[in-house]
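Hi,

Here is the structure I said I'd pass on. Have a look at it first, and my notes follow underneath.

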Amino acid sequence: MEIAKEGSDKLDLTCKSNEHLVFVYGTLKRNFSYHDVMEKSIFIAEAITCDKFKLTESYVPEEERWIPYLSRTEGLVEVKGEIFKIDDKQLEFLDEFEEVAEGMYTREKIKVKAKPSDEQVDVWVYVGKNDGKYNIESGSFEGKRPKPTD
């Protein structure tokens with residue numbers, strides 16, 4: 001994974017015809033369990049959604065980890081995440097990884113504010129078909145909730 005050049009107040013949010021900006025809010029973020037699938041991406045900035053969404057998570061016992069779901073129903077919080085620049089091939093891979101064809105997530109365009117400038121930018125995001133069991137009221141997936149006992 002590359003990191004966008006630092007030292008400039010202006011973020012490079014431009015994309016070539018084969019590039020895309022994607023907003024990740026869960027296990028694909030830096031230092032999270034599945035970030036390795038973003039290894040060919042370029043980290044651009046931390047960001048927060050312009051609109052409010054519902055952010056939830058569910059525990060997957062067979063994988064011993066939490067999975068987040070962003071949904072448009074009952075928008076409760078601005079969701080915190082990260083913007084990455086990826087190419088067409090990586091976008092196709094993420095569609096497979098997020099099981100878009102199987103209906104687990106859909107890929108949609110939303111607006112986010114890139115930090116620290118609060119510049120608004122259109123990005124792709126994966127929206128969950130279903131909600132998770134537990135609300136994330138902070139808007140930030142941490143994946144550290146204790147295992148459920150129920």
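Strand 4 (residues 54-60) and strand 9 run antiparallel and are joined by 2 bridges, with Glu57 standing opposite Tyr134 in strand 9. Strands here are DSSP runs of E, at least two residues long, numbered from the N terminus, and two of them pair if DSSP finds at least two bridges between them. These belong to an open sheet of 3 strands in the order 5-4-9, with antiparallel pairing. Its edge strands, each pairing on one side only, are strand 5 (65-71) and strand 9 (134-135).

Bear in mind that this is a predicted model: local features need pLDDT of at least 70, side-chain atom pairs count only at pLDDT 80 or more, and totals for chains, interfaces and linings use all residues. Residues are numbered from 1 along each chain as its sequence is written, and side-chain values use heavy atoms, leaving out hydrogens and water.

Now for strand 3. It covers residues 42-49, and 6 of its 8 residues are buried (under 20% relative accessible area, 1.4 Å probe, protein chains only), so strand 3 is largely enclosed by the rest of the structure. It runs antiparallel to strand 6 (residues 80-87), with 6 bridges between them, and antiparallel to strand 7 (residues 105-114), with 3 bridges. Ile48 is a good residue to look up: Lys80 stands opposite it in strand 6, and Lys113 is its bridge partner in strand 7.

Cheers

Notes: Buried means under 20% relative accessible area, exposed over 50%, partly exposed in between (1.4 Å probe, protein chains only). Helices (H or I, at least four residues) and strands (E, at least two) are DSSP runs, numbered from the N terminus.
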